[in-house]
Amino acid sequence: NGLSYSPSNIAGHEAEINWLGYYYVTSGLPSPSFTCPGYTAAIAYYPELGSWPVKSTTVYDYVTSDNNLVSIEQFDAAQNDSLLVSGFKPEKVSGNCKYCYTGKVVPFKTQSGKYGMIKVIRADQVADGTMELSIKVQK
């Protein structure tokens, strides 16, 4: 819905949350990452999920994101949901998406069946860093 939530204003909106960002080091590499509230390991990064009445399960497409099948230019040029749907490859998906570096495009599908993509405009590769994203979701 284009809104950002924090622990102070999330109550009653838990079902609207489809992705969460976090950072960790895996296989010796820094990994800005996305997860969804319903992913089992997410609670390690967001303990407050334990009290959420609803935890959405968004899945991220590893085939497209790992192989850079959608470019930044294609993402920027997308004016309807055609690329959002065709760019999602369901063969290899997870509720967690690692290595979300600057310039990466990550397709996803929400629990409600909506397709979308996240363009990583900037992702710091440090524990206290931030991510800047552009997100397109089917209406």
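Three helices and eight strands make up the secondary structure of this chain, and the model you are looking at is a predicted one. Following the sequence from its start, you meet these elements in the order β-β-β-α-α-α-β-β-β-β-β. Here is a short tour, from the whole chain down to a few residues worth finding on screen.

**Overall shape**
- The radius of gyration is 14 Å, which agrees with the value near 14 Å that a compact globule of 139 residues would have.
- Along the principal axes, the C-alpha atoms fit in a box of roughly 40 × 35 × 25 Å.
- Among contacts with a separation of 6 or more, 58% join residues that are 24 or more positions apart.

**Surface and charge**
- Buried residues make up 37% of the 139 in the chain.
- The accessible surface is about 7600 Å², and carbon and sulfur atoms account for 52% of that area.
- The chain carries 11 positive and 12 negative charges, and the mean positions of the two groups lie 5 Å apart.

**A buried asparagine**
- Asn 96 sits in strand β5, which covers residues 96-97.
- Its relative accessibility is 6%, so Asn 96 counts as buried, the cut-off being under 20%.
- Which residues touch Asn 96, leaving aside its neighbours within four places in sequence? Asn 96 is in contact with the tyrosines Tyr 22, Tyr 24, Tyr 39, Tyr 60 and Tyr 62, and also with Phe 34 and Thr 35.

**Salt bridges**
- The count of salt bridges comes to two.
- One of them pairs Lys 119 with Asp 76, with 2.6 Å between the closest N and O atoms. Lys 119 belongs to strand β7 (residues 115-123) and Asp 76 to helix α2 (residues 72-77), so this pair ties together parts that are 43 residues apart in sequence.
- Are the two partners buried or exposed? Lys 119 is buried, at a relative accessible area of 12%, whereas Asp 76 is partly exposed, at 40%.
- Another salt bridge links Arg 122 and Asp 124, whose closest N and O atoms are 2.9 Å apart.
- Arg 122 is partly exposed, with a relative accessible area of 33%, and Asp 124 is partly exposed as well, with 27%.

Notes: Residues numbered from 1 in each chain as written. Predicted model: local features only at pLDDT ≥ 70, side-chain atom pairs only at ≥ 80, totals over all residues. Heavy atoms only, no water. Helix = DSSP H or I, 4+ residues; strand = E, 2+ residues; numbered from the N terminus. Rg over C-alpha atoms; globule rule 2.2 N^0.38 Å. Buried < 20%, exposed > 50% of the residue type's maximum accessible area, 1.4 Å probe, protein only. Contact = heavy atoms within 4.5 Å. Areas by Shrake-Rupley, 256 points an atom, 1.4 Å probe, with all protein chains shown as cover. Lys, Arg positive; Asp, Glu negative; His and termini not counted. Charge placed at Lys NZ, Arg CZ, Asp CG, Glu CD. Salt bridge = Lys/Arg side-chain N within 4 Å of Asp/Glu carboxyl O.
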